[in-house]
Amino acid sequence: VGHMVKQMDRWQAERDHFEDVFYDRLRGYLTMWYEEIAAEWDDAMEMVQQFLGLPVQKMTCPYVKQRRLPMSEVVEDWKSVVDGLRGTEYQVYLED
């Protein structure tokens, strides 16, 4: 699990670097998380279109969430994942 936390740290560092490099050069950026998009598709797509300066129109998505089981039933060593992420900034990803 330690390698997983290190990888998540690298992803966070890459995200932080992107923000540092591009924030002042672009007209900003829009951060959206998968969970937000999946939960409120219409609101998320409206926000994206407004951010891009596009006329707002209804959009559809041909994709559907495939995983129906909780992560605790899908991940074989879920207890070690929970133990490894508990108390870290990545603990929020344990919520299903």
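**Helices, burial and contacts in the predicted model**

In the protein, 40% of the contacts with a separation of 6 or more are made by residues 24 or more positions apart. The model discussed here is a predicted one. Its secondary structure is quick to describe: there are five helices and zero strands, so from the N terminus on the order simply reads α-α-α-α-α. The protein is more spread out than a compact globule, because its radius of gyration is 17 Å, well over the 12 Å that the globule rule gives for 96 residues. Along the principal axes, the C-alpha atoms fill a box of roughly 45 × 35 × 20 Å.

What share of the 96 residues counts as buried? The figure for the protein is 14%. The accessible surface adds up to about 8100 Å², and carbon and sulfur atoms hold 55% of that area. As for charge, the protein carries 11 positive and 19 negative charges, and the mean positions of the two sets lie 3 Å apart.

Helix 5 deserves a closer look. Here W78, V81, V82 and L85 are buried. These residues sit on the same side of helix 5, since they cover an arc of only 95 degrees around the axis. Which helices do the buried residues of helix 5 pack against? The partners are helix 1, spanning 2-22, and helix 4, spanning 71-74. Just after helix 5 comes G87, which takes a positive phi of about 85 degrees.

The segment after helix 5 (78-85) also holds L94. Is L94 buried or exposed? L94 counts as buried, because its relative accessibility is 17%, and the cut-off for burial is under 20%. Setting aside neighbours within four places in sequence, L94 is in contact with W78, V81, V82, L85 and R86. Among these contacts, W78, V81, V82 and L85 are the residues already described as buried in helix 5. By contrast with these contacts, the C-alpha atoms of L94 and Q66 are separated by 18 Å, with the two positions 28 residues apart along the chain.

A second buried position turns up in helix 3, which covers residues 41-52 and includes Q49. With a relative accessibility of 4%, Q49 counts as buried. What does Q49 touch, once residues up to four places away in sequence are not counted? The list runs L54, P55, V56, Q57 and M59.

Taken together, two local pictures emerge. In one, L94 contacts residues that include W78 and L85, and the buried residues of helix 5 pack in turn against helix 1 and helix 4. In the other, Q49 of helix 3 touches residues including L54 and M59.

Key. Residues are numbered from 1 along each chain as its sequence is written. This is a predicted model: local features need pLDDT of at least 70, side-chain atom pairs count only at pLDDT 80 or more; totals for chains, interfaces and linings use all residues. Side-chain values use heavy atoms; hydrogens and water are left out. Helices (H or I, at least four residues) and strands (E, at least two) are DSSP runs, numbered from the N terminus. The radius of gyration is taken over C-alpha atoms; the globule rule is 2.2 Å times the number of residues to the power 0.38. Buried means under 20% relative accessible area, exposed over 50%, partly exposed in between (1.4 Å probe, protein chains only). Contact means heavy atoms within 4.5 Å. Accessible areas come from the Shrake-Rupley method with a 1.4 Å probe; for residues, only the protein chains shown count as cover. Lys and Arg count as positive and Asp and Glu as negative; His and the chain ends are not counted. The place of a charge is taken as NZ of Lys, CZ of Arg, CG of Asp or CD of Glu. The arc is that of the directions from the helix axis to the C-beta atoms.
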